[in-house]
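The exercises below concern a single protein chain and are to be worked with the sequence and the model at hand. Each task is followed by a solution in steps.

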Amino acid sequence: MTEVNLSNVIKDYGKTRAVHGIDLGIEDGEFVVLVGPSGCGKSTTLRMIAGLEDISGGEIAIGGRVVNDLPPRERNISMVFQNYALYPHMTVRENLGFSLKIAKADQTAITKAVDEAAGILGLRDLMDRKPAELSGGQRQRVAMGRAIVRSPDVFLFDEPLSNLDAKLRTQMRVEIKKLHQKVGNTIVYVTHDQVEAMTLADRIVLMRDGHIVQVGTPLELFNTPVNTFAATFIGSPPMNLIDGVVSGSNTINLAGGLSVPVPSRVRGLVRDGQKVCFGFRADNLMPVGHSVEEEGEKHELELTISLTEPLGTETLLFTDVAGNEVQAKMLNPRPVRPGETMKFQLMLDKCHVFDAASSEAIRG
Amino acid sequence: MDRNQTYRNRKRALNAVHFVALFITMAIICIPGLWIVLNSFRPTVEIMAKPPVWTPSFTLEHYRNMFGGAGEGGVPVFSYFRNSLIVSVVSTTIAILIGMSGGYAFARYRFPGKAGYFVGLMLFRAVPGVALSLPLFIVFARVGIIDTHFGLILAYVAMNVPFTIWLTDGFFRQIPKELHEAAEIDGCTRWQAFWRVEFPVARSGVASAAIFAFLTSWNEFALASQLTRSVGSKTMPVGLLDFTAEFTINWGGMCALAVLMIIPALVLTFLVQKHLIAGLTFGGVKG
């Protein structure tokens with residue numbers, strides 16, 4: 001069993017606290033993605049798990065064993081770095097076999113493990129090349145190969161796809177997912193890209209300013225964000241948020257003169273005069289006649305289009321509500337001119353209401 | 001069309017100016033060396049001839065005399081060579097070991113007063129060696145290490161360490177810290193990570209530092225002339241003085257010994273030049 005447990009883990013740099021006592025349990029074989037904006041403490045957390053940063057407080061356990069003060073080599077982990085960190089003076093074969101050579105494994109075992117990893121990652125033709133002779137994607141694969149050769153308990157990935165171009169990133173994302181399905185080890189993966197987090201993770205850990213904001217499956221984070229930060233960080237395009245004030249018990253008057261009914265889920269949880277943030281995703285605001293026919297609570301709105309972004313199977317429509325850019329999605333698109341006014345259907349039961357003061361979701 | 005012609009002509013003229021400037025610079029650098037080599041093979045009368053003899057004759061007389069007996073203009077070349085070699089090799093090795101450790105520490109670790117130490121080392125390097133010769137002479141004489149290999153080695157190590165630290169610090173800084181982190185995760189101790197990963201990657205820098213340290217020791221005259229006096233410890237640059245008498249200078253002999261001095265330096269530079277080619281780190285991390 002190689003679960004990873006973080007209890008009240010703290011990291012201080014001088015007087016600055018980078019990680020504020022986080023608690024996180026990662027199960028055996030789970031693919032957990034730490035995601036958040038720059039400086040949120042995700043890489044620091046990963047480096048603390050790796051043993052590359054000392055922890056200032058709390059406890060880290062890998063496979064039930066507290067590793068707080070153990071050096072990286074004693075933790076049986078592998079790490080893939082953002083800049084690959086391949087050994088430039090060694091060939092691909094030597095890079096792959098380095099950890100086993102250090103562990104004084106016998107040559108037959110090294111050759112077998114290296115060949116196996118090379119086979120999994122399609123590196124067989126590159127074995128005698130030096131890192132400088134490889135493309136970005138190939139270097140990334142060698143870095144992954146180096147990680148799997150030693151059969152670690154836990155794989156750590158520190159923004160491994162950040163340096164690749166968009167196409168290669170998508171390709172490598174699939175390879176990483178395949179690799180996880182093949183080897184089944186516990187993976188802790190750090191990224192600032194929410195798409196990577198959504199597509200790869202069994203569970204996402206969303207971080208901000210050294211705190212964990214929300215932990216859950218990608219769909220949990222997407223469908224039930226705990227606050228406005230989670231709502232805007234996860235999902236592309238980000239959730240539309242419009243300020244509003246509750247009027248009576250059934251209506252929210254939005255900025256810009258629009259008003260919408262309070263979704264039935266949160267009816268009774270808001271009070272008259274409460275300042276709120278009304279949130280909905282582009283998928284839940286669609287032009288009438290170009291939407292998904294779905295049962296549920298709906299509300300019609302009339303909005304003027306300011307910009308369109310045709311994506312082929314769908315078109316993103318941009319409208320302006322009291323200075324807030326609101327995005328809607330149009331299925332089976334037809335050409336739309338900026339300035340055109342269209343009738344939209346808002347899926348009320350999929351909308352979110354956040355308390356404006358605390359930014360927390362109001363949920364029954 | 002005319003404008004194109006004007007720019008083309010300007011480019012040609014600039015290229016020509018560059019070429020001439022480079023030629024003059026190279027001539028200034030190379031001609032003294034060439035003068036030494038040529039004169040070591042010319043009879044003394046030709047060296048001193050006025051007007052100069054433009055079609056030189058060839059003789060090995062100076063080399064023969066140099067290796068000959070004391071009365072025939074000979075000097076203890078082998079002793080000087082041995083002294084130079086011992087002092088340069090040992091002082092370079094020690095300076096590199098200390099300097100590399102220091103450079104690594106400056107590049108990788110944070111410690112209080114780091115910037116101050118670094119500036120202090122550089123300032124120490126700025127003091128001219130000859131200014132130190134008198135105090136060193138007095139201290140060495142008191143301690144009893146004057147006119148010994150050990151004394152000269154000590155002085156050269158002190159002279160070379162700051163420069164070596166400065167040079168290797170720059171090279172280690174270029175190596176991403178992720179390389180040693182990756183090595184540590186792969187099972188290395190900090191020491192193994194250094195020797196197996198960082199040192200091989202930085203070896204071009206270390207080789208450059210070694211060459212500079214070696215050449216500094218090999219060619220140093222000011223300190224050596226004060227701190228050595230017997231055949232048992234005099235180095236080759238000091239040995240050159242053997243060719244000067246009260247009223248005459250044996251230019252031919254001096255040039256011959258100078259050529260012998262240049263050869264090991266050339267050979268060493270040639271041997272390690274492939275390590276000097278930087279760029280070994282490219283490719284290991286995203287470029």
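**Exercise 1. Overall make-up**

Determine how many helices and strands chain A contains, and describe the extent and burial of the chain.

Solution. The model is a predicted one. Step 1: chain A holds eight helices and 20 strands. Step 2: the C-alpha trace of chain A extends over about 75 × 45 × 35 Å along its principal axes. Step 3: of the 364 residues in chain A, 43% are buried. Step 4: among contacts in chain A with a separation of 6 or more, 67% join residues 24 or more positions apart.

**Exercise 2. An open sheet**

State the order of the strands in the four-stranded open sheet of chain A, and identify its edge strands.

Solution. Step 1: the strand order in chain A is β2-β1-β4-β5, and the pairing is antiparallel. Step 2: β2 (16-26) and β5 (65-66) of chain A each pair on one side only, which makes them the edge strands. Step 3: at one end of this order, β4 (residues 57-62) of chain A is joined to β5(A) by two bridges, and the two strands run antiparallel. Step 4: within this pair, A:Ile62 lies opposite A:Arg65 of β5(A). As general background, strands of a sheet pair through backbone hydrogen bonds.

**Exercise 3. Two partners of one strand**

Find how many bridges β19(A) forms with β15 and with β16 of chain A, and name a facing residue pair for each.

Solution. Step 1: β15 (residues 285-287) pairs with β19 (residues 341-347) of chain A over three bridges, in the antiparallel sense. Step 2: here A:Pro287 faces A:Phe344 of β19(A). Step 3: β16 (residues 298-310) of chain A is also antiparallel to β19(A), with seven bridges. Step 4: A:Glu300 stands opposite A:Gln345 in β19(A).

**Exercise 4. A helix pair**

Characterise the relative orientation of α2(A) and α4(A), and the residues through which they meet.

Solution. Step 1: the axes of α2 (residues 92-102) and α4 (residues 136-149) of chain A come within 8 Å and cross at roughly 25°. Step 2: angles under 35 degrees count as roughly parallel, and α2(A) and α4(A) are therefore roughly parallel to each other. Step 3: the crossing of α2(A) and α4(A) is right-handed. Step 4: α2(A) contributes A:Val92, A:Asn95, A:Leu96, A:Gly97, A:Ser99 and A:Leu100, which meet A:Val142, A:Gly145, A:Arg146 and A:Val149 in α4(A). Step 5: sorted by character, the residues of this contact are five nonpolar, four polar and one charged.

Key
Residues numbered from 1 in each chain as written. Chains lettered and ligands numbered in written order. Predicted model: local features only at pLDDT ≥ 70, side-chain atom pairs only at ≥ 80, totals over all residues. Pairing = 2+ DSSP bridges. Axes fitted to C-alpha atoms, helices over the stretch in contact; angles between N-to-C directions. Parallel < 35°, antiparallel > 145°, perpendicular 65-115°, else oblique. Left-handed = near helix turned anticlockwise from the far one by under 90°. Contact = placed C-beta atoms within 7 Å. Nonpolar A, V, L, I, M, F, W, Y, C, P; charged D, E, K, R; others polar. Buried ≥ 20, exposed ≤ 12 C-beta atoms within 10 Å, placed from the backbone.
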